[in-house]
Amino acid sequence: MEATVLMEQAKQNILHTYNRFPIVLDHGQGVYLYDTDGKKYLDFTAGIAVQALGYGDQEYNEALKAQIDKLLHTSNLYYNQPIIDAAEKLCAASGLDYAFFTNSGAEAVEGAIKTAKKYAYLKDGCTDHEIIAMNQSFHGRTLGALSVTGNAHYREPFEPLPGIVKFADYNDLGSVKALITEKTCAIIMETVQGEGGIYPAEEEFLRAVKEICVKNDILLILDEIQCGMGRTGEMFAWQAYDVKPDLMVTAKALGCGVPVGAFVMTKKVANASLKPGDHGTTYGGNPFVGAAVSKVFDIFAQRNLTAHVKEIGGYLETQLEQLKSEYDCIADRRGVRLMQGLQLNIPVGDVAAKALQQGLLVITAGNNVLRFVPPLVIEKEHVDEMMEKIKVVLSSVTEH
Ligand SMILES: *Cc1c(COP(=O)(O)O)cnc(C)c1O
């Protein structure tokens, strides 16, 4: 059916919570997407950092098809092998010990918060513990995840939000220290802030926060939902910092397209927190998503994707730096490897809209950042193609 008709139909029954780009996507192959009119788009969005393997990966698709024919869902009242394998691979890749699988990133954040609260509760029997989160952070849209999201626009209409949460400035150790009390049970942050505008944690900051946590028996929760799963050239971004979290949350590229997340923790935390009956989910970690996660880890290892990201991410970074030197409208470049942002001093929404017309999918972050989170399987030729398109766009918007 024609795109305009479909978009009109969408307006009738889909709740208007997104101002979507005016295209209807139909299918994908490699790092390209095609709309219902047959127009081709180079994808530097990857379904918001989800489609690490791009589209139509045969090995991944075959694994999912086989699992559909075998067993889709059983509930968590019984064991199933795909999720047992997935948990083993996730723990091996992270060096953490125990995983709980969820259906989304926000639910993983909820689980991590519950774990931290139970850990503190078992120590002193009190229920007035505090969490420190970061300004400009993003952890999801459920009430619990919103409670630690440092963005007034997302929060305000839904207050009061659960729990006692205080906000520090990211990469500002003094502001974290100032909020620590004997009631602090957890500090949560993204290793690289995504939605807030692509800000990587500074090494010194992260290490110092970890030290504070160790000294005070506060749990460090790192949100790797966007920056994890190879995007920064490490399986998880914190692995470049020599800082290990007590709890990690992951989702997005964990399943490369199926809805799955997880919160993962050390043995020490697991032994002193959630017990049978404390947490649950009907769908979470079913055989279908288990088969996807398990296959994703196999593919990452077989194809040495993190090494590829180091190489191609370095190339993207160099090219974006070059672009910055050529265009006055680019105020800053930030990011790590295949998680990049260009801060613009022109309306960034216009740039993303014009890019779409040029057949390039890019999204924004914060108020003024153009975000590049392509599939991890992109090659140099795709970076070059993106550069050509973005130059056309930037030239057209800056000349007027
Ligand atoms: C996307 C995201 C979330 C929320 O994940 P959902 O699957 O949308 O619930 C949480 N934290 C970060 C850093 C994210 O990028």
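A polar contact here is a pair of N or O atoms within 3.5 Å. Keep that cut-off handy for the exercises below, and remember that the model is predicted.

**Exercise 1. The ligand's polar contacts**

Work out which atoms of Lys252, Asp223 and Ala106 reach the ligand, and how far away they are.

*Solution.*
- Step 1: Start with Lys252, where a polar side-chain atom sits 2.6 Å from a ligand oxygen.
- Step 2: Go on to Asp223, which places a polar side-chain atom 2.7 Å from a nitrogen of the ligand.
- Step 3: For Ala106, look at the main chain: a backbone N or O atom is 2.7 Å from an oxygen atom of the ligand.
- Step 4: Now check the cover. On its own the ligand would expose 380 Å², and the protein buries 81% of that.

**Exercise 2. The shell around the ligand**

Find the residues that surround the ligand and sort them by character.

*Solution.*
- Step 1: List the neighbours: Ser104, Gly105, Ala106, Phe138, His139, Gly140, Glu190, Asp223, Ile225, Gln226 and Lys252.
- Step 2: Sort them, and you get 3 nonpolar, 5 polar and 3 charged residues. Glycine goes in the polar bin in this scheme.

**Exercise 3. Hunting for disulfides**

Decide how many disulfides the model has, and explain what happens at Cys91.

*Solution.*
- Step 1: Set the cut-off: two cysteine sulfurs must be within 2.5 Å.
- Step 2: Try Cys91. The closest cysteine sulfur belongs to Cys227 and is 18 Å away, so that gap is too far for a bond.
- Step 3: Try Cys213. Its nearest cysteine sulfur, in Cys185, is 10 Å off, and Cys213 is in no disulfide.
- Step 4: Write down the total, which is 0 disulfides.
- Step 5: Are Cys91 and Cys213 buried or exposed? Buried means under 20% relative accessible area. Cys91 has 11%, so Cys91 is buried. Cys213 comes in at 1%, so Cys213 is buried as well.

**Exercise 4. Strand 12 and its partners**

Say how well strand 12 is covered and which strands pair with it.

*Solution.*
- Step 1: Count the buried residues in strand 12, residues 261–265: 5 of 5.
- Step 2: Split them by face. Gly261, Phe263 and Met265 are buried on one side, with Ala262 and Val264 buried on the other.
- Step 3: Look to strand 4 (residues 98–102), which pairs with strand 12 in the antiparallel sense over 5 bridges. Tyr98 is found opposite Met265.
- Step 4: Turn to strand 11 (residues 247–250), which is paired antiparallel with strand 12 through 4 bridges. There, Thr250 has Ala262 as its bridge partner.

Note on methods: Residues numbered from 1 in each chain as written. Predicted model: local features only at pLDDT ≥ 70, side-chain atom pairs only at ≥ 80, totals over all residues. Heavy atoms only, no water. Buried < 20%, exposed > 50% of the residue type's maximum accessible area, 1.4 Å probe, protein only. Helix = DSSP H or I, 4+ residues; strand = E, 2+ residues; numbered from the N terminus. Pairing = 2+ DSSP bridges. Near = heavy atom within 4 Å. Polar contact = N/O pair within 3.5 Å; in protein donor to acceptor, adjacent residues only side chain to side chain. Areas by Shrake-Rupley, 256 points an atom, 1.4 Å probe, with all protein chains shown as cover.
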